[in-house]
Amino acid sequence: MEPRRYQPNVLVTGTPGCGKSTTCELLERRLPDFQYYNISEFAKEHECYDGYDEHRKSHIVDEDKLLDLLEPLLRKGGAIVDWHVNDVFPERLIDLVVVLRCDNSILYKRLNKRGYHKSKIDENIDAEIMGVIMQDAVESYEQEIVVELQSDNTAQMESNVDRIVSWVELWQSQHHSGVTNELTAQPESGSDGDDD
Ligand SMILES: Nc1ncnc2c1ncn2[C@@H]1O[C@H](COP(=O)(O)OP(=O)(O)O)[C@@H](O)[C@H]1O
């Protein structure tokens, strides 16, 4: 059986350039007990690669190897996971999925500034217009744990961070009080509860 988690795991996903890393870095400061996993960097660091995609000019991530390494870390809870791919993490390990969204013209400027090739910018803008990442998220997780947050400007990003922190605190209060209740629960009185 899956061990009980005392902190939730939060997956922050979205099209590249939507603001995942910036949001996660702010979250990290607000949630000092949490561990931040930028999966692109994690995959590079642990060489979770399975070839190179010449067309995209990027490494192909070996998802099996990635998950083998990541799963024991996520089982403990308290992880902030940042990746544009979201359908590879087992549902049982994820408590909240945040899908960041961005206006196309703003996203274009961000990706252009990043020096992406035009074909790569177009591919990402198309994905954002079609809501590909959101679609993947709702197909992979219970709809109740998926939230879509707009991240066009700093004010929205700050508000998103506040919302995620509030959600984490709510999760903690529900789960920690749940533990206490289980431990302190009195046996049922056996009354039929006749309320006439
Ligand atoms: N909500 C936002 N408001 C203003 N700038 C943002 C916002 N989100 C991201 N950015 C900027 O856009 C760029 C891409 O953000 P980043 O967090 O690296 O995106 P991702 O991790 O999704 O690829 C960065 O220069 C970042 O400062």
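1. A good place to start is Val12, which is buried, with 27 other C-beta atoms within 10 Å. The cut-off for calling a residue buried is 20 or more such atoms, so Val12 qualifies with its 27. You'll find Val12 in strand β1, residues 10–14. Keep in mind as you read on that this is a predicted model.

2. What does Val12 touch, leaving aside its neighbours within four places in sequence? Val12 is in contact with Lys20, Thr23 and Cys24, then with Ile80, Val81 and Asp82, and also with Val98 and Leu100. His59 is another matter to look up: 47 residues separate Val12 from His59 in sequence, and their C-alpha atoms are 21 Å apart in space.

3. Now for helix α1, which covers residues 20–30. Its buried residues are Lys20, Thr23, Cys24 and Leu27. Why do they sit on the same side of α1? Because they cover an arc of only 95° around the axis. As a reminder, an α-helix has 3.6 residues a turn, so residues three or four places apart point the same way. Among these buried residues of α1, Lys20, Thr23 and Cys24 also turn up in the list of Val12 contacts.

4. Just past α1 comes Leu31, in the loop between α1 and β2 (35–38). Is Leu31 buried or exposed? It counts as buried, with 20 C-beta neighbours inside 10 Å. Not counting residues up to four places away in sequence, Leu31 touches Val165 and Val168. Have a look at Gly78 too: Leu31 and Gly78 are 47 residues apart along the chain, and 9.0 Å separates their C-alpha atoms.

5. Glu47 deserves a second look for its backbone. Its phi is near 50°, a positive value in a residue other than glycine. For context, most residues other than glycine have a negative phi. Where is Glu47? It lies in the loop between α2 (39–45) and β3 (49–53). Glu47 counts as exposed, with 9 C-beta neighbours inside 10 Å.

6. Moving on into β3, we get to Gly51. This glycine is exposed, with 9 other C-beta atoms within 10 Å. Gly51 and Asp62 are 11 residues apart in sequence, while 8.4 Å lies between their C-alpha atoms.

7. Next, a helix pair. Helix α4 (residues 104–113) packs with helix α5 (residues 118–130) at an angle of about 150°, and the axes are 10 Å apart. Angles over 145 degrees count as roughly antiparallel, and α4 and α5 are therefore roughly antiparallel to each other. Their crossing is right-handed. On the α4 side, the contact is made by Asn104, Leu107, Tyr108, Leu111 and Asn112. On the α5 side, Ile121, Asn124, Ile125, Glu128 and Ile129 take part. Sorted by character, the residues of this contact come out as 6 nonpolar, 3 polar and 1 charged.

8. Finally, the whole protein. How many helices and strands are there? There are 7 helices and 7 strands. Read from the N terminus, the elements go β-α-β-α-β-β-α-β-β-α-α-α-β-α. The protein has 196 residues, 28% of which count as buried. As for contacts with a separation of 6 or more, 75% of them come from residues 24 or more positions apart.

How values were computed. Residues numbered from 1 in each chain as written. Predicted model: local features only at pLDDT ≥ 70, side-chain atom pairs only at ≥ 80, totals over all residues. Axes fitted to C-alpha atoms, helices over the stretch in contact; angles between N-to-C directions. Helix = DSSP H or I, 4+ residues; strand = E, 2+ residues; numbered from the N terminus. Parallel < 35°, antiparallel > 145°, perpendicular 65-115°, else oblique. Left-handed = near helix turned anticlockwise from the far one by under 90°. Contact = placed C-beta atoms within 7 Å. Nonpolar A, V, L, I, M, F, W, Y, C, P; charged D, E, K, R; others polar. Buried ≥ 20, exposed ≤ 12 C-beta atoms within 10 Å, placed from the backbone. Arc of directions from axis to C-beta.
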